[in-house]
Amino acid sequence: MTEATAPHDGPLTGVRVVELAGIGPGPFAAMLLGDLGADVVRVDRPGGPGLGIDPARDVTNRNKRSVVVDLKTPEGAARVLDLAERADILVEGYRPGVAERLGVGPEDCRARNPRLVYGRMTGWGQTGPLADRAGHDIGYIAVTGALGMTGEPGRPPVAPANLLGDYAGGSLYLVVGVLAALHHARATGAGQVVDAAIVDGTAHLTAMIHGMLAAGAWQDRRGANLLDGGCPYYGTYETADGGHMAVGALEPRFYAEFLRLLDLTGLEEAHADVTRWPELRTRVAERFASRTRDEWTAVFEGTDACVAPVLSLREAPHHPHLAARSTFTDHSGITQPAPAPRFSVTPATVRTGPARPGADTEDVARDWGVPGLVSPPSNP
């Protein structure tokens, strides 16, 4: 039994996934499936995806195995169909119609394996006027209204890296979709196509805000609401050393504790009085500017004031709470987030480092029963 199919590697142990190599949300979704124990085989193209990252450090390719297949050849398409025949899930992130032109579209694959769940990861979706257009995270979250909620009033919106669109609105919805479809396939014997569009997932993430908007509890402009930085007790403040503290003292009792620890008086009623918010913001900012980030962290430690230091990516793994929970782990010489969520019976782990393109061809050919991966048949 190989490492990738060993027992107790996570709740998806025994599930086989084919990932047609791409960049961004597709690889992250396949990584998450691999983290949960699935045997993920990444089909890399000759020459790699062109992302420019050393494959040995591409964390999104951990817990996977890689084969190299040239999908522009009939033999390459045949090998992918051989894998799809033995898989439970296939994930691809091409523009609409590309997989079909390569001979590995949903109909081609499901003709070989009717139980296959075929996951399609795109920005715009498989249909609609923009379906064939190029795009990136920032454009997808822009048209959904999500980007317009970030940043300060009177200034341009602030892009939240590519976390909101690619990974929250894209990868996570793809994973939910293919796992739901897998449940259906195992109950009925019928696979299906999952159309995971970043615009759809990101729009879905704004459900609560749309409810608040309909109820008159949200203004359709940034920096004017309870959760978008408009509220002085839900936002960030600069400290004396140029660091920042994040404040989320929403509830009255947390707000009272927040004021007490800042040693601010006369502002108790400002919690519910929007007209006093400018005054509150000024006084809070002045207090935070009087000490360093570490000094304020010590002041709020062990309290329910809902205040935390804003840490950098390199600092985060050393936060005492995250360190105690092993939220980050070191593997293959790389500090990286540990698998999430956590399971009481089938814990997920980082079993292998980033898959190197083509490094696992022989093992996959043996384990999946696809000898053609190693020695493709010659043309008749």
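**Entry 1: a pair in helix α2**

I began with two side chains and noted that D82 and R79 are both buried. The model I consulted is a predicted one. I found both residues in helix α2, which spans residues 74-85. They stand 3 residues apart there, about one turn of the helix. I then looked up their contact: D82 and R79 form a salt bridge, with 2.9 Å between the closest N and O atoms.

**Entry 2: another partner of D82**

I asked which arginine forms a salt bridge with D82 at 2.5 Å between the closest N and O atoms. I found R112. Because D82 belongs to helix α2 and R112 to helix α4 (residues 106-112), this pair ties together parts that are 30 residues apart in sequence. I also checked accessibility. D82 has a relative accessibility of 15% and therefore counts as buried, the cut-off being under 20%. R112, at 33%, counts as partly exposed.

**Entry 3: salt bridges elsewhere**

I recorded the total for the structure, which is 21 salt bridges. Side chains of opposite charge can pair when their charged atoms come close. One of the bridges I looked up joins R155 to E152, with the closest N and O atoms 3.7 Å apart. R155 has a relative accessibility of 52%, so I entered R155 as exposed, the cut-off being over 50%. E152, at 48%, I entered as partly exposed. I also noted a network of salt bridges that links D39, R65, D363, R366 and D367.

**Entry 4: the second largest pocket**

I turned to the second largest pocket and noted a volume of about 660 Å³. Its lining consists of 19 residues. Which of them lie nearest the centre of the pocket? I listed G151, E152, D228, G229 and T236. E152 is thus one of the residues nearest the centre, and E152 is also the partner of R155 in a salt bridge. I asked which strand gives the most to this lining. Strand β7, residues 234-238, does so with 4 residues. By character, I sorted the lining into 9 nonpolar, 6 polar and 4 charged residues.

**Entry 5: aromatic rings**

I searched the whole structure for aromatic pairs and found 10. One of them is formed by Y233 and W277, an edge-to-face pair with 5.8 Å from centre to centre and 85° between the planes. This pair links distant parts of the chain, its members being 44 residues apart. Y233 lies in the loop between α8 (207-214) and β7, and W277 lies in helix α10 (residues 277-288). Are these two rings buried or exposed? Y233 has a relative accessible area of 3% and W277 a relative accessibility of 12%, so I entered both as buried.

I next noted one aromatic cluster, made up of Y237, F258, F288, W296 and F300. At W296 I found a charge as well: the charged end of R291 sits over the ring of W296, 4.9 Å from the ring centre.

**Entry 6: T297**

My last entry concerns T297, which I located in helix α11 (residues 293-300). With a relative accessible area of 26%, T297 is partly exposed. I looked up how far the C-alpha atom of T297 lies from that of R62 and found a separation of 34 Å. Along the chain, T297 and R62 are 235 residues apart.

Methods: Residues are numbered from 1 along each chain as its sequence is written. This is a predicted model: local features need pLDDT of at least 70, side-chain atom pairs count only at pLDDT 80 or more; totals for chains, interfaces and linings use all residues. Side-chain values use heavy atoms; hydrogens and water are left out. On a 1 Å grid over the protein atoms alone, a cavity is a set of points where a 1.4 Å probe fits but cannot get out, and a pocket is an open set with protein on both sides within 12 Å along at least five of seven lines; lining residues have an atom within 4 Å of a point. Grid points are joined across faces, edges and corners, and a volume is the space filled by probe spheres set on the points. Helices (H or I, at least four residues) and strands (E, at least two) are DSSP runs, numbered from the N terminus. Ala, Val, Leu, Ile, Met, Phe, Trp, Tyr, Cys and Pro count as nonpolar, Asp, Glu, Lys and Arg as charged, and the others, Gly among them, as polar. Rings of Phe, Tyr and Trp (its six-membered ring) pair if their centres lie within 6.5 Å; planes under 30 degrees apart count as stacked, over 60 as edge-to-face and the rest as tilted. Buried means under 20% relative accessible area, exposed over 50%, partly exposed in between (1.4 Å probe, protein chains only). A charge sits over a ring if NZ of Lys or CZ of Arg is within 6 Å of the ring centre and within 35 degrees of the ring normal. A salt bridge is a side-chain nitrogen of Lys or Arg within 4 Å of a carboxyl oxygen of Asp or Glu.
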